[in-house]
Amino acid sequence: QAQLVESGGASVQAGGSLRLSCSVSRLTVTGTAMAWFRQRPGEEREGIAAMGSGSTGTTVYADSVKGRFTISRDMYKNSLYLQLSSLQPEDTAMYYCAAAQRWRVVPGLYDFEYDYWGQGTQVNVAS
């Protein structure tokens with residue numbers, strides 16, 4: 001059973017930046033599709049960024065974060081990252097790391113595509 005542990009959440013001012021980390025065990029970050037999701041207060045969980053399996057690491061972003069957030073990974077640290085820039089109050093949410101059980105070159109942003117989840121890390125953006 002893979003384990004994912006997120007960190008890096010914090011309270012920041014609008015316009016600020018954060019880097020979220022997801023430490024992965026019992027699964028390699030390059031051997032499966034991985035993604036970041038978030039759940040804003042009172043809303044359903046949404047996929048915001050994903051990276052596919054293999055050396056290419058195809059990335060996919062939700063329109064709401066495209067150009068502001070960047071997903072990346074480090075195969076040596078076996079970790080996934082999400083760089084958040086130009087943060088706005090509407091980015092306030094619990095952020096989750098997720099991993100799929102199988103190989104997928106082009107990843108998706110639907111939660112049913114992912115099998116393993118972290119416990120989440122909270123990001124609060126003040127106006």
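Here a trainee and a mentor talk through a predicted model of a protein chain.

Trainee: Happy to start with the basics: how many helices and strands are there in the protein chain?
Mentor: Good place to begin. Read along the sequence, the chain follows the pattern β-β-β-β-β-β-β-β-β-β-β. The count is therefore 0 helices and 11 strands.

Trainee: And why does the protein chain count as compact as a globular protein of that length?
Mentor: Compare two values. For 127 residues the globule rule gives 14 Å. The chain is close to that, so it is as compact as a globular protein of that length, with a radius of gyration of 13 Å.

Trainee: What share of the contacts between residues at least 6 apart in sequence join residues at least 24 apart?
Mentor: Let's set the scene with burial first: of the 127 residues, 48% are buried. As for contacts between residues at least 6 apart in sequence, the share joining residues at least 24 apart is 60%.

Trainee: Now the surface: which residues make the nonpolar patch of about 320 Å²?
Mentor: For context, the protein chain exposes about 6300 Å², and carbon and sulfur atoms supply 48% of that. The nonpolar patch of about 320 Å² is the work of Trp103, Val105 and Val106.

Trainee: Where is Val106, and is this residue buried or exposed?
Mentor: Val106 sits in the loop between strand 9 (93–99) and strand 10 (116–117). Its relative accessibility is 54%, and the cut-off for exposed is over 50%. So Val106, in that loop, counts as exposed.

Key
Residues numbered from 1 in each chain as written. Predicted model: local features only at pLDDT ≥ 70, side-chain atom pairs only at ≥ 80, totals over all residues. Heavy atoms only, no water. Patch = residues over 30% accessible without salt bridge, like charges linked within 9 Å, V, L, I, M, F, W, Y side chains within 5 Å. Areas by Shrake-Rupley, 256 points an atom, 1.4 Å probe, with all protein chains shown as cover. Salt bridge = Lys/Arg side-chain N within 4 Å of Asp/Glu carboxyl O. Helix = DSSP H or I, 4+ residues; strand = E, 2+ residues; numbered from the N terminus. Buried < 20%, exposed > 50% of the residue type's maximum accessible area, 1.4 Å probe, protein only. Rg over C-alpha atoms; globule rule 2.2 N^0.38 Å. Contact = heavy atoms within 4.5 Å.
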